[in-house]
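Got the viewer open and a selection box ready? Let's walk through this one stop at a time.

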Amino acid sequence: MTTGLPSVSLVIPTLGRAEIVVDTVRYLLRQNYDDWELIVVDQSDVPNEELLQVLKDMPVPARYYFVEFRGLPLARNFGWQHAEKEIVLYIDDDIECGPEFVRSHAEAHRDRRYAFVAGGIREAGSQVTSASPGSLNVWTGDPVGNFASLQAGPAVHGGGGNISFRRDVFARHGGFDEQLTVGAALYEELEFCLRLKSHGETGWFAPEAGLFHLAAPTGGCRVLRDWPRYMHGLAHNRAMIIFRYLKFRA
């Protein structure tokens, strides 16, 4: 048993990516850490029988929930509400990661000053940089990711596809805002991080807790082929961020 580090509940929300999420879980089979559990929240049309078979081989507790609701904020809330460990780690369903991934998040949370840890995220074509990650333009509401950065340090927000929270922050500040299900899944992790900041909580960017995001072209929360729906969701969710948290509102 790993000692001296917090336990981790890893949550994967998934929708319409039956084969891809199976590959993601197979990467997690190789983790060099033992004090964690896996929770899959499947919002697809039919249960994933292949995934159920793969979960039987997990070296840690693994639970599969086939749910009827749709929406990434709802799935994230369902995940932490069913988590049993100290840290709740969210990843996308289309990633690749190394064997130290879960351990790296646990090690970053050894310092309990931080409510959340944003992990590194690389994609095809992303440029490795030393720029500061996880910042925000407080006048326009534009989030600056730079999650391929190699520079560890304080972060205002993190990418929803690789971010972990101490479970007790949900009890103090609530969960993800389920009003942000309009259109695509946009800004629900940003809104939650800004809410934590407004209550004096802080976050940390840990590039070593990194993964590679495959950015699968189909499934998931993508509505890019439905531009009216996408733009409506973008405007609705951005407006909520602006009026709640940006400077000009004062």
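The tour starts with the whole chain and then moves to a helix and a few single residues.

**Whole chain.** Bear in mind that what you're looking at is a predicted model. Show it as a cartoon, and you should be able to pick out 7 helices and 11 strands. Switch to a surface: about 11400 Å² is exposed, with carbon and sulfur atoms supplying 53% of that. Of the 250 residues, 52% are buried. If you like contact maps, take the contacts between residues at least 6 apart in sequence: 77% of them join residues at least 24 apart.

**Helix α1.** Next, select residues 18–28, which form α1. Which of its residues are buried? Turn on side chains for Val21, Val22, Thr24, Val25 and Leu28, and you have them. Now look straight down the helix axis: these buried residues fall within an arc of 160°, so they line one face of α1. The general rule behind that view is that an α-helix has 3.6 residues a turn, so residues three or four places apart point the same way.

What lies over those buried residues? Color in the cover, which includes strands β1 (8–14), β2 (36–42), β4 (87–91) and β5 (95–96), along with helix α2 (49–55).

**His105.** Jump to helix α4, residues 101–108, and center on His105. Is His105 buried or exposed? Its relative accessible area is 0%, so it counts as buried. Draw a distance to Ser164: the two side chains make a polar contact at 2.8 Å. Then show the other neighbors. Leaving out residues up to four places away in sequence, His105 touches Leu89, Val117, Gly119, Asn162, Ile163, Ser164 and Ala209.

**Cysteines.** Select Cys97 and Cys193. Cys97 is buried at 5% relative accessible area, and Cys193 is buried too, at 1%. How many disulfides are there? With a cut-off of 2.5 Å between cysteine sulfur atoms, the count is 0.

**Asp168.** For the last stop, select helix α5 (residues 167–173) and find Asp168 in it. With a relative accessible area of 29%, Asp168 is partly exposed. Add Ala115 to the selection and measure between the C-alpha atoms: Asp168 and Ala115 sit 8.7 Å apart in space, with their positions 53 residues apart in sequence numbering.

Technical notes:
Residues are numbered from 1 along each chain as its sequence is written. This is a predicted model: local features need pLDDT of at least 70, side-chain atom pairs count only at pLDDT 80 or more; totals for chains, interfaces and linings use all residues. Side-chain values use heavy atoms; hydrogens and water are left out. Helices (H or I, at least four residues) and strands (E, at least two) are DSSP runs, numbered from the N terminus. Buried means under 20% relative accessible area, exposed over 50%, partly exposed in between (1.4 Å probe, protein chains only). Contact means heavy atoms within 4.5 Å. Accessible areas come from the Shrake-Rupley method with a 1.4 Å probe; for residues, only the protein chains shown count as cover. The arc is that of the directions from the helix axis to the C-beta atoms. A polar contact is a pair of N or O atoms within 3.5 Å; within protein, one must be able to donate a hydrogen and the other to accept it, and residues adjacent in sequence count only if both atoms are side-chain atoms.
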